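Hi,

Here is the structure I said I would pass on to you. Have a look at it first, then read my notes underneath.

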Amino acid sequence: MPPKPNYARSRELLATSLAGIRGVGPKLEKTLAKAGLETVEDVLYTLPLRYEDRRQVRRIAQLRDGQREVFVGEVLAAAETTTPRARKRLFEVIVGDGTGQVSLKWFHYHKAWLSKRFAVGTRAVFTGEVKRFGAVREVHHPDAELLGSRTLEEIMAADPLSFGRVLPVYPLTEGLSQKVARKIFKQVVEAYAPLTVSPVPPEILQKNNLLPLDIALRQCHWPEVGENESFDEERGPQQARSSLVFDEFFFLELGLALKRRGIVLERGIAFNVNHVYTKPLAAMLPFRLTEAQRRVLGEIKHDMMSIHPMHRLVQGDVGCGKTIVALMAALVAIENDTQVALIAPTEILAEQHYIQFHQWLDKLGLKAVLLSGSLPAREKQAVYEEIREGRAHLVVGTHAVLQEGVDFKRLGLGIIDEQHRFGVVQRGILRHKGNNPDILVMTATPIPRTLSLTLYGDLSVSIIDQMPPGRSPVKTRVVSETKREDAYAFIRKQIEEGRQAYIVYPLVEESEKSDLLAATQAAEQLAEEVFHGFRTGLLHGRMKPAEKEGVMAAFKAGEIHALVSTTVIEVGVDVPNATVMMVEHAERFGLAQLHQLRGRVGRGSAQSYCLLVRSKNCSEDGARRLRVMSETTDGFRIAEADLEIRGPGEFLGTRQAGLPDFRVANLLRDGRILEQSRREAFALAADPEFDSHPKYAGTRQALLDRWGSRLELASIG
């Protein structure tokens with residue numbers, strides 16, 4: 001066997017084009033490219049979706065319901081027919097072998113071709129999933145290999161890729177059959193898997209009972225399973241798959257570990273805490289901070305006083321009081337003659353933070369400014385100047401703050417809200433706006449542990465796990481369209497008892513293509529017909545910040561009884577007297593958003609309610625989301641459900657989040673391996689030899705290849 005190439009040579013070989021593989025002509029090359037397969041590495045990492053156990057050929061009487069089986073049968077009858085109820089056409093073939101009969105059905109077919117292929121008397125080997133309907137067994141769209149004059153033994157010997165073993169079932173594209181895919185994949189795996197080099201240090205593989213990369217790849221594609229050995233067709237070879245998952249997670253976690261280590265080694269600003277502004281603010285607040293808020297604030301202050309830059313994540317459910325903790329941290333930075341940047345993912349969120357913060361800062365004699373993409377050019381330039389000259393103490397804005405041209409006199413603290421919409425890269429840009437400023441990240445979307453380890457494994461974590469006193473859980477009900485009048489009656493009763501209500505709509509204006517009620521029209525209708533005699537208000541994203549502020553102030557003061565709003569009120573609105581929220585077309589919202597919206601009520605001691613109005617044409621996923629909302633108020637359970645329904649990419653908005661594109665690993669399923677790889681990666685990053693010892697050269701290079709630019713790891717290697 002030829003010697004293994006080194007890591008660099010292995011990378012070159014894996015970049016070989018599939019055009020050079022025997023049997024791949026121009027047409028097949030195009031078909032493979034459509035499926036994203038252009039190099040041998042693409043093929044090696046396109047693992048089977050599942051497997052088919054074709055080790056045993058069974059008699060028809062032995063076929064197991066619900067299993068994929070291989071059996072031999074002779075065609076007894078074949079004809080086109082229709083289903084009794086739906087009157088849909090199908091092609092049916094009855095086959096038997098003396099021990100029993102089974103019905104084979106095709107719902108998408110070419111009649112002339114099937115009639116010719118399965119003439120009465122034809123013998124074949126069939127493979128497919130056995131279903132039972134009453135006394136009848138059926139197999140839909142089976143694979144079939146005609147025997148002709150050959151015996152079963154002859155055909156199995158002539159086609160070892162199709163029979164007598166566990167076979168991979170690959171994800172396909174149009175024009176590519178399993179048979180062709182298996183042939184090409186087998187060739188690539190046999191020739192190139194041995195040339196892959198595992199850059200994970202061998203002692204780590206050994207300690208964790210993992211296979212080297214080449215063996216893991218071969219086992220995943222073509223599992224070697226003994227004749228009587230049990231095999232899970234859905235899960236596949238577990239040790240091999242775990243090894244590949246570990247390999248993917250390990251390098252991400254190693255990058256995050258080095259990033260955290262680099263942050264710890266860098267010098268930042270060592271702040272002094274003299275409570276110049278925090279004490280007066282605490283005296284002005286109409287409430288006392290909770291134990292959890294004080295604990296987290298203590299952790300933040302401890303980081304800020306260190307000579308190394310802070311990189312801390314504050315996680316806490318809706319309504320736990322993260323915003324005031326962030327404001328306190330901002331005031332510590334401001335009292336040390338530095339500026340603070342607070343970045344939110346949307347203009348609405350940025351505006352809300354600005355409205356909240358500038359009210360407090362004004363009272364303290366400090367200046368807050370708002371910077372968003374939609375500001376007119378002249379106003380934008382004026383804000384730029386205030387930031388550059390240091391007259392703006394706190395800059396609240398969107399991604400616009402990260403753009404070129406926004407120069408701080410001395411940035412001391414960057415606060416990022418709703419972290420999962422910003423990736424590691426954005427955090428890096430913010431750091432470069434100053435001389436290693438402290439970074440504080442906040443999220444109200446509880447993120448399951450596996451995701452938090454991949455998204456902010458380079459951050460220290462603080463959790464505000466306590467709600468302000470006197471709050472009771474919000475009761476949530478799903479209301480059908482037909483029961484809307486009952487919901488209105490309930491809201492009127494709440495208002496009569498001196499409470500206030502939110503009514504939330506998904507859109508601002510009626511769109512031509514949309515059947516949604518627009519908030520503007522609804523406000524008029526509700527004022528005239530439903531809440532006659534009460535005062536209604538309207539709040540939406542197209543209003544100017546000053547208008548929004550006026551409406552919110554009136555609502556807070558109790559001058560507005562029912563506030564009709566779009567999702568503008570998702571975050572940061574605190575009106576303890578508002579006890580009921582009605583969300584129209586609730587199934588149109590994501591779980592995280594519904595959880596955020598619901599967090600606007602239940603802020604006082606009175607029992608609060610959330611009514612989710614479900615449309616007639618609600619999808620299955622939509623109904624599932626509403627069911628979750630009615631069953632729990634636990635943010636972490638909601639986040640887990642959201643992740644299951646939408647998958648990690650959708651849940652986080654992968655594009656913005658910079659979430660890694662794992663080829664094998666699955667964040668939902670592989671949490672245990674993620675924790676394992678993280679332990680090993682952080683231990684290796686702490687080893688003084690890692691940075692320079694030749695034995696780690698391949699590991700360092702692999703890390704740079706995979707994550708260098710995305711994690712800003714240029715200094716490694």
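Below is what turned up, topic by topic.

First, keep in mind that this is a predicted model. The protein chain has an average pLDDT of 85, and 91% of the residues score at least 70. Confidence peaks in strand E13 (residues 394-397), at 96, and is lowest in helix H23 (residues 654-657), at a mean of 41. Two stretches deserve some caution. Over residues 508-516 the pLDDT stays under 50, and the model has 21 contacts beyond four places in sequence for them. Residues 653-658 also stay under 50, with 14 such contacts. Where pLDDT is low, the predicted coordinates should not be read in detail.

Now for the empty space inside. There are 2 cavities of 30 Å³ or more, and I looked at the second largest, which holds about 40 Å³. What lines it? You'll find Ser198, Val200, Leu205, Leu211, Pro212, Leu213, Ser243, Phe246 and Asp247 around the second largest cavity. By type, its lining residues are 6 nonpolar, 2 polar and 1 charged. Helix H9 (residues 238-265) contributes the most to that lining, with 3 residues.

Next, the aromatic rings. The count comes to 12 aromatic pairs. In one of them, phenylalanine 118 and phenylalanine 126 have ring centres 6.1 Å apart and planes at 40°, so this pair is tilted. Both phenylalanine 118 and phenylalanine 126 are buried. Phenylalanine 250 and phenylalanine 251 make an edge-to-face pair, because their planes sit at 90°, with the ring centres 5.3 Å apart. Phenylalanine 250 and phenylalanine 251 are buried too. If you want a cluster to click on, ring pairs join Phe71, Trp106, Phe118 and Phe126.

Last, one residue to try for yourself: valine 664, in the loop between H23 and helix H24 (671-685). Is valine 664 buried or exposed? Its relative accessibility is 8%, so valine 664 counts as buried. Leaving out residues up to four places away in sequence, valine 664 touches Tyr45, Leu47, Arg241, Leu244, Val245, Glu248, Arg669 and Asp670. Glutamate 248 is a nice one to check: this residue and valine 664 are 416 residues apart along the chain, yet their C-alpha atoms are separated by 7.6 Å.

Have fun exploring, and write back with any questions.

Cheers

Conventions:
Residues are numbered from 1 along each chain as its sequence is written. This is a predicted model: local features need pLDDT of at least 70, side-chain atom pairs count only at pLDDT 80 or more; totals for chains, interfaces and linings use all residues. Side-chain values use heavy atoms; hydrogens and water are left out. On a 1 Å grid over the protein atoms alone, a cavity is a set of points where a 1.4 Å probe fits but cannot get out, and a pocket is an open set with protein on both sides within 12 Å along at least five of seven lines; lining residues have an atom within 4 Å of a point. Grid points are joined across faces, edges and corners, and a volume is the space filled by probe spheres set on the points. Helices (H or I, at least four residues) and strands (E, at least two) are DSSP runs, numbered from the N terminus. Ala, Val, Leu, Ile, Met, Phe, Trp, Tyr, Cys and Pro count as nonpolar, Asp, Glu, Lys and Arg as charged, and the others, Gly among them, as polar. pLDDT is the predictor's confidence in each residue, from 0 to 100. Contact means heavy atoms within 4.5 Å. Rings of Phe, Tyr and Trp (its six-membered ring) pair if their centres lie within 6.5 Å; planes under 30 degrees apart count as stacked, over 60 as edge-to-face and the rest as tilted. Buried means under 20% relative accessible area, exposed over 50%, partly exposed in between (1.4 Å probe, protein chains only).
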